[in-house]
Amino acid sequence: MSLVDSERRVLSGMRPSGPLHLGHYHGALKDWVKLQHSYECFFCIVDWHALTAEYDEVGRISQHVMDMAVDWLAAGVSPSSATLFIQSQVPEHAELHVLLSMICPLSWLERVPSYKEQQAQLHGKDLATYGLLGYPLLQAADILLYRAGVVPVGADQLPHIEFAREVARRFNHLYGREPDFEAKAEAAILKLGKKTATLYNSLRTAFQQQGDVEALETARALLKDRQNITLGDKERLIGYLDGGGKVLLAEPQALLCESPKLFAQDGGKPSRSSSNTIFLRDSADEVEEKIRRMPTDPTRIHRSDPGDPLHCSVWRMHQLYSSAETCDWVLQGCKSAGIGCLECKGPLIEAVQLELKPLQVRAADYQDSPDLVRRIFAEGAERARTEARETLTEVRLALGLNYR
Ligand code: TRP
Ligand code: SF4
């Protein structure tokens, strides 16, 4: 019987693509650091996913993983609050992936937009691979393996989360029926108490007979708040509502972490080679250099030309970093040509340097102790495996793969 409270469990992953930059920080890590205090969090460096597009550059991956590990820790993701691990150190991800592959229609995979996009972007390399096609399924396995109900991701990942939900639903539909599912569900209804049971039954009927989706939602909400039934019964009652079976694999929800647009270049993915990208471990001088080089309102050619902050990425950065007062100063000064662009960038340079300083102090500590970093991630992998094995025990049982 699963005793995982999926709604309190978070999983997210990041592909190791080299040192992290401000976009990673504002679009993910800052949220993770907050989430780790109120949820049971699993954060995974997805090195197998990196292989899907970089199978011919494997020499770099271990360094990228190490860089990512250090940057996560530097950003404040804490091994005492969250479970941090590397995907390939938890081989259970592969087992669930292969089992899910048996029930995942090819057409679902071909429909995921990122597949064709990635293939188109990386022409010159053969990406008509099984690995790339299966990318979203591996991601679904990452999530479903922990029965995580909450997945913090950027908007680009929403189709992948929806895909994972569909896979979970199909799996539950196929295997979620215990032999005596209906009897158990009916028994669970009685445990709700008379009033709630009546309400449950009428909502269930409204959905099943009239397709009333609102009734379905209301019934789910009703169950969510029940304290007096076991999680197993809760899973049965949720499954019984829409005619499926017991919920074996929880359907995850995306939790949108919006990376401020200003960090998104090249259609959402900040490029790692761009000379403007500010990395978390850039020195104070590099930060200054890069902000000084940042393009401004292209129509503001001379110092005496008034500018329009709405056409300037420096302004967008001010909105993220600066006080209301400084923002006013920028707006007024820019539109009246009262300030120059370099002057305008001054407070930003300081703000970014200030923000990165504590991260860099921590990063230096971890960089000097690679063994410590490795140990943190090895321990994380052990914790993750304990959870993963529990799910797989149930999954194997549901699939009839129990030979004991
Ligand atoms: N596909 C995600 C990305 O490119 C990375 C990822 C892999 C992931 N597995 C995951 C994200 C599981 C969230 C949950 O950003
Ligand atoms: Fe951009 Fe500031 Fe220059 Fe205006 S003054 S164009 S906001 S950098």
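Here are some questions and answers about a predicted model and the ligand it holds.

User: Hello! Which residues come nearest to ligand 1?
Analyst: Welcome! The shell around ligand 1 has 13 residues. Those that come nearest are Arg15, Tyr135, Gln139, Asp142 and Gln157.

User: How far is an N or O atom in the side chain of Asp142 from a nitrogen atom of ligand 1?
Analyst: Let's look at the polar pairs around the ligand. A polar side-chain atom of Arg15 lies 3.3 Å from an oxygen atom of ligand 1. A nitrogen atom of ligand 1 is 3.0 Å from an N or O atom in the side chain of Gln157. For the side chain of Asp142, the distance to a nitrogen atom of ligand 1 is 2.7 Å.

User: What share of ligand 1 does the protein bury?
Analyst: Polar side-chain contacts include the one at 3.0 Å between Gln157 and a nitrogen atom of ligand 1. Ligand 1 exposes 360 Å² when taken alone. Of that area, the protein buries 93%.

User: Which element gives the most to the shell around ligand 1?
Analyst: Strand 1 (9–14), helix 8 (135–144) and strand 4 (150–153) each supply at least two residues of this shell. The residues of the shell divide into six nonpolar, five polar and two charged. The element that gives the most, with four residues, is helix 8.

User: How many of the residues of strand 3 are buried?
Analyst: Strand 3 covers residues 82–86. Ala82, Leu84 and Ile86 point one way, while Thr83 and Phe85 point the other way, and all are buried. The count of buried residues in strand 3 is therefore five of five, with buried meaning under 20% relative accessible area.

User: Which residue in strand 3 is the bridge partner of Phe42?
Analyst: Strand 2 (residues 40–45) pairs with strand 3 in the parallel sense, over five bridges. In strand 3, the bridge partner of Phe42 is Thr83.

User: How many residues apart in sequence are the parts tied together by Glu40 and Arg9?
Analyst: Side chains of opposite charge can pair when their charged atoms come close. Glu40 and Arg9 form a salt bridge, with their closest N and O atoms 3.0 Å apart. Glu40 lies in strand 2 and Arg9 in strand 1, so the pair ties together parts whose separation in sequence is 31 residues.

User: Is Arg9 buried or partly exposed?
Analyst: Its partner Glu40 has 36% relative accessibility, so Glu40 counts as partly exposed. Arg9 has 3% relative accessibility, so Arg9 counts as buried.

User: How many residues apart in sequence are the parts that Arg281 and Asp71 tie together?
Analyst: The side chains of Arg281 and Asp71 meet in a salt bridge at 2.7 Å, N to O. Arg281 lies in the loop between strand 5 (253–256) and helix 14 (284–293), and Asp71 lies in helix 3 (residues 61–75), so the pair ties together parts with a sequence separation of 210 residues.

User: Which residue forms a salt bridge with Lys290?
Analyst: Lys290 is buried, and its partner is buried too. The closest N and O atoms of the pair are 2.6 Å apart. That partner is Asp282.

User: How many salt bridges does a search of the whole structure find?
Analyst: Some charged residues join in a network of salt bridges: Glu162, Arg165, Arg169 and Glu251. A search of the whole structure finds a number of salt bridges equal to 22.

Methods. Residues numbered from 1 in each chain as written. Chains lettered and ligands numbered in written order. Predicted model: local features only at pLDDT ≥ 70, side-chain atom pairs only at ≥ 80, totals over all residues. Heavy atoms only, no water. Near = heavy atom within 4 Å. Polar contact = N/O pair within 3.5 Å; in protein donor to acceptor, adjacent residues only side chain to side chain. Areas by Shrake-Rupley, 256 points an atom, 1.4 Å probe, with all protein chains shown as cover. Nonpolar A, V, L, I, M, F, W, Y, C, P; charged D, E, K, R; others polar. Buried < 20%, exposed > 50% of the residue type's maximum accessible area, 1.4 Å probe, protein only. Pairing = 2+ DSSP bridges. Salt bridge = Lys/Arg side-chain N within 4 Å of Asp/Glu carboxyl O.
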